[in-house]
Every structure is written in C-alpha cells, then in structure tokens.
Amino acid sequence: MTALSEFELIDRFFRRRIGNAENAGGGENAQGTVVGIGDDAALLTPTPGNQLAASVDMLVADRHFFADVNPEALGYKTLAVNLSDMAAMGATPRWALLAGALPDADPQWLGAFARGLFALAAVHNVDLVGGDTTRGPLNLCLTILGEVPAGMALLRSGAHGGDSIWVSGALGDASLFLAHRAGRLALSGAEVATCENALLRPVPRVALGTRLRGLASAAIDLSDGLVGDLRHILEASKVGATIDLPAIPRSKALDRQLAKAGTHDVALECLLAGGDDYELCFTAAPAHDGQIAAVATELGLPLRRIGIIDSTPGLIVRDSSGRPVAQLPRAYDHFAT
C-alpha cells in the first residue's frame, strides 16, 4: 500500500464541497464560508449583529480516549465535545478547524474517523474549513467557531442567590463504564453497552443552549464532573450552592451501584465527579421554572432542578436524609497523576 502524503490525506478525507463550489475558492455558502480548506486561511462571513464564540479542545490517546477506540466514534466525539462548549454559551456552531498528529496515514482508520466527524457536522451544519496534520503520537485538536446574538451569550458569571440549578439528561454513565473497565465495579452486558455509548457518543445539547438564551442566568457544560464544573459557576458568580443528591438525574445502572455497599463510593464518584457527561448545568431565576419545564417538553429532553444558588460561598451536597455529604469527590484534573 502506497503511503499517503499530507496533502493527499487532506484532499481524500477532509476536503468537502462548500455549497456549489469546492472548498478552495468559489462562492459563499449558507454558512458564510467563502473559502475553506485549500488556502493559507479560511475566509468566513459572520452574521451581522452576532458575536463570535470560539473554543478549542485537545484529545490525547490514552489520556482522553483509549488508543484502540473505534475511529468512527472518535471522529464523532472529537466534534461533539466542542459542540458542547457552544451549547453552554448559547451559541450556534458554524465552523471548525482540525489539527491532528497521527502515528501513520492509515486510509481505513482515516475514512472511519472522517465519517464519524462529518456525520455529526452535517447534523449541526458545521463546515470544516481548515487544519493541519503531522506524524506523531495520536493527538487531535479541534477548534470551533460559533455565533450568538450580541449580548445574549450564556456566561458562568451570572448566577444570583435564589436561582434554581438545573441539569440536563443523566449523569455518570460514561465514567461508570470506565470504572467497569478498570475493574472497580461490575456492570451487566446491557449496562456496559449503554454506558460505553454514553462515553463514546455524548449528545451535545446545542438546541437546549440556544433555547436558554434569556432564560438561564449562567451555564456550563459538564465535562469534568458536576461538583467541579458547578464550582466554576460559583467562583465566577461569587455565590454558593446547595444541591440535593437524590435529585441529580442518573441511570438505573448507576442507581443500582449506589445501592450496593461495596460500590457505593465508586458510583458516587461517577455521579458527582466522573466527567465526560457533556450535559448542561445551568442556573435560572425561579420565575423561569415553568418556561424551562416547557423547553424540556418541547425538546423531549429531561431537565431536572437539583438545587438552589446561595448568597454565601461554598458548595453543599445533601444526601437523602438532608445531611451534607462529608467529603465530596475531586473533579477530573488533567494534570493529576
């Protein structure tokens, strides 16, 4: 098999048509992409009256994913984690740039990776407009650009005392799979499949993020665990919070592990600090509770009120008896050993 050059790799797997023209040159498409892959830089046309939102995430083999992961799932997740950042800002994603170090230019691996990435990009109308490749240990870095109407972005700094705290979806399944794989607890066959899917194919809550404009006072995506990410809101807003452990949404698989004495602590860690959930945690004035419930119905997405913002700094998690959990697990830290 003849090895692919860098430019052959890009042309074969990552260049896509822009409207009725090739990525290199041609007219502007509906996304505002004038020039995409093929020149020294992309040319993009932002929508008047909008602010640009930009985010970048790096995924490193054996740190953020197993090196033998299904490449199609990895392509999906590489974009999904960035879409989640757009969701947390209330932004509409529009353009992405991808840089990657690859051990080799394996056409089969690259084809599957590209399928996963572009399938999700199509769902959210995201154009891949540039990037870079090189040989090296497997490492993927995706930058995403989105738009949000001026002054409408969801920030971490807007929470106020008395606000309700909400969480979308369910938490803990992705880290529950990792705990199973590490031998810290045992899941059934069906539970393994469900929890692995939660890890590999998180659903970015983009539609929820845009619907929360004007409703949420603060928001964040749950990439590093509930207690750690919620603390970012508390610190930015200079407030505290009390949340109720029984109110935190989770699967039956996680509930089963919480109920067992031998695995309770591991399951609690997965629920509160496991990370890789990519759900949204947001705050809103109680006056908006009814509107938020209507959004949940509209989107077919469970939204659970799990607590309240306090004026006094600090985070309290109350158990089913109303007592504070004595020692909260630590959130994920990229530099922890």
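How many bridges join strand S9 to S12, and do the two run parallel or antiparallel? Select residues 240-244 to light up S9: five bridges tie S9 to S12, and the two strands run parallel. Keep in mind as you click around that this is a predicted model.

**Stop 1: the sheet**

For one specific pair on this seam, pick Thr242; its bridge partner in S12 is Ile316. Now widen the selection to the whole sheet. It is an open sheet of six strands, and reading across you get S8-S10-S7-S11-S9-S12, with mixed pairing. The edges are S8 (216-221) and S12 (314-318), each of which pairs on one side only. Look across the strands and you'll see the twist, which averages 25° from one strand to the next. Next, add helix H2, which packs on the sheet and touches S8 and strand S10 (280-284). The direction of H2 makes about 170° with that of S8.

**Stop 2: helix H5**

H2 also leads to the next stop, since it is one of the helices that the buried residues of H5 pack against. Select 189-200 for H5, which has twelve residues. From its first C-alpha to its last, H5 reaches 17 Å, close to the 16 Å expected at 1.5 Å a residue. Show the side chains of Glu191, Val192, Cys195 and Leu199, the buried residues of H5. Turn the view to look down the helix axis: these buried residues fall within an arc of 100°, so they line one face of H5. The face turned away from that buried side carries the exposed residues Gly189 and Ala190. Besides H2 (71-89), the packing partners of the buried residues are H4 and H8.

Stay on H5 for Glu191. Is this glutamate buried or exposed? Glu191 is buried, with a relative accessible area of 15%; the cut-off for buried is under 20%. Leaving aside residues up to four places away in sequence, Glu191 touches Ala253 and Arg256. If you'd like a distance to draw, try Glu191 to His180: the two are eleven residues apart in sequence and 10.0 Å apart in space, C-alpha to C-alpha.

**Stop 3: Gln257 in helix H8**

Now go to Gln257, which is found in helix H8. Gln257 counts as buried because its relative accessibility is 0%. Which residues does Gln257 touch, not counting those up to four places away in sequence? Show Leu176, Leu185, Ala186, Leu187, Thr263, His264 and Ala267 to see them.

**Stop 4: helix H9**

Ala267 takes you on to H9, where it is one of the buried residues. Select 264-273: H9 is mostly covered, with seven of its ten residues buried. Along with Ala267, color Val266, Leu268, Cys270, Leu271, Leu272 and Ala273 to complete the buried set. These residues pack against H4 (173-181), H7 (226-237) and H8 (252-258). Just after H9, stop at Gly275, which takes a positive phi of about 80°.

**Last stop: confidence**

Finally, color the model by pLDDT. The protein averages 89, and 86% of the residues score at least 70. Then select residues 19-25, where pLDDT stays under 50. The model has 20 contacts beyond four places in sequence for that stretch. Where pLDDT is low, the predicted coordinates should not be read in detail.

Technical notes:
Residues numbered from 1 in each chain as written. Heavy atoms only, no water. Buried < 20%, exposed > 50% of the residue type's maximum accessible area, 1.4 Å probe, protein only. Helix = DSSP H or I, 4+ residues; strand = E, 2+ residues; numbered from the N terminus. Contact = heavy atoms within 4.5 Å. pLDDT = per-residue confidence, 0-100. Expected span 1.5 Å × (residues − 1). Arc of directions from axis to C-beta. Pairing = 2+ DSSP bridges. Axes fitted to C-alpha atoms, helices over the stretch in contact; angles between N-to-C directions.
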